[in-house]
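Me: Hi! I've got a protein structure open and could use some help reading it. Can we go through it together?

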Amino acid sequence: MGQTHLYLIRTHKSNSRAAKGRHGGASHPAYTQTQSPATARLNWQAIQQLLPNIEPQLAPTLLTPRTITTETKLLAILHMLASSSFQSTGALVAGISQPSFSAFLPKVLDAIIGLTPRHICFPNTQQKQQETKQGFYLIGGIPHVLGAIDCTHVHLVPPAATEHLYRNRKYTPSINVQAIVDHQGLITNIVAKYPGSVHDSFIFRHCTINQHFQDGRYGNGLLVEKYRNLLIYTLHSNPLGHTTHTPRQQHVDRDTLRL
């Protein structure tokens, strides 16, 4: 992969009210495009593509010298998420007040989450399923694969009242996130609602994608995952149990993990 260009969010030293955290208006140069790892973790092209999609939900109804622009809001939130910092830190870096940051934080997050169905979508049409199966077959020689699935633990500071539920097998607090990707490595389905103590198999058994496979919605499609350096099936989707195996599939099946 080519070098990822990241962008540092900087404040400019000044005696102006903007530098003291009063506003982040259109003329406020709070953000400088630069190549730095301490940033939003999105290149400038991705940010410019994201902005018009969330603008309708975040655009101010009245422009004043104290108006915080949508771009300032987005970059401030991306910086906070990328650096795992607090609201006060994100506000300070963006040159705005912490109460203002707190006020637009849920709106920005809701606007971004609202784009999920548009960009994270499991192949539901015959054409998309065929393209995905062909892509996986060219990679590994196994037919009918609609996705590669795995879980990962994302660390967090858990709620004090239910902290014990977030302790994973390594006794660190996290949420257990299940993700499915296609042959291009693009996420097509994600489940990010279970605490770290929940096992991978439980998440899979109770997810919508599993139900759709059981209902036969995806025909002879299947999912695969990597387990101890072996490529294994996580699900045979044919509800009648009739499968046709190639020699490579038969070899993999000896180490099949069924959830």
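Me: What volume does the largest pocket have?
Reply: Happy to help! Keep in mind that this is a predicted model. The largest pocket has a volume of about 1400 Å³.

Me: Cool. How many residues line the largest pocket, and which lie nearest its centre?
Reply: The lining has 28 residues, and those nearest the centre of the pocket are L42, I112, T116, I120 and I187.

Me: Which helices and strands each supply at least two residues of that lining?
Reply: On the helix side they are α1, α2 (70–83), α4 and α5 (116–119). The strands β2 (174–181) and β3 (187–195) do so as well.

Me: And what's the lining like by class?
Reply: It has 20 nonpolar residues, along with seven polar and one charged.

Me: OK, switching to helix packing. How is a pair of packed helices described, in general?
Reply: By two things: the angle between the axes and the distance between them.

Me: Then at what angle do α1 and α4 cross?
Reply: Roughly 130°, with the axes of α1 (residues 44–58) and α4 (residues 98–113) coming within 9 Å. α1 and α4 are therefore oblique to each other. Their crossing is right-handed.

Me: Which residues make that contact?
Reply: From α1 you have I54, Q57 and L58, and from α4 there are K107, V108, A111 and I112. Sorted by class, the contact of α1 with α4 has five nonpolar residues, one polar and one charged.

Me: Is the crossing of α1 with α2 left-handed or right-handed?
Reply: α1 crosses α2 in a right-handed way. The axes of α1 and α2 come within 9 Å, and the crossing angle is roughly 120°.

Me: Who meets whom there, α1 against α2?
Reply: In α1, the residues are W44, I47, Q48, L50, L51, I54, E55 and L58. They meet T70, E71, K73, L74, L75 and L78 in α2. Between α1 and α2, the contact residues split into nine nonpolar, two polar and three charged.

Me: Last one. How far apart are the axes of α3 and α4?
Reply: They are 8 Å apart, and α3 (residues 87–94) packs on α4 at an angle of about 110°. That angle makes α3 roughly perpendicular to α4.

Me: Which residues do α3 and α4 use for it?
Reply: α3 brings Q87, S88, G90 and A91, while α4 brings Q98, F101, S102 and L105. The contact of α3 with α4 has three nonpolar, five polar and no charged residues.

Technical notes. Residues are numbered from 1 along each chain as its sequence is written. This is a predicted model: local features need pLDDT of at least 70, side-chain atom pairs count only at pLDDT 80 or more; totals for chains, interfaces and linings use all residues. Side-chain values use heavy atoms; hydrogens and water are left out. Axes are lines fitted to C-alpha atoms, for helices over the stretch in contact, and angles run from 0 to 180 degrees between N-to-C directions. Helices (H or I, at least four residues) and strands (E, at least two) are DSSP runs, numbered from the N terminus. Angles under 35 degrees count as roughly parallel, over 145 as roughly antiparallel, 65 to 115 as roughly perpendicular and the rest as oblique. A crossing is left-handed if the near helix is turned anticlockwise from the far one by less than a right angle, and right-handed if clockwise. Contact means heavy atoms within 4.5 Å. Ala, Val, Leu, Ile, Met, Phe, Trp, Tyr, Cys and Pro count as nonpolar, Asp, Glu, Lys and Arg as charged, and the others, Gly among them, as polar. On a 1 Å grid over the protein atoms alone, a cavity is a set of points where a 1.4 Å probe fits but cannot get out, and a pocket is an open set with protein on both sides within 12 Å along at least five of seven lines; lining residues have an atom within 4 Å of a point. Grid points are joined across faces, edges and corners, and a volume is the space filled by probe spheres set on the points.
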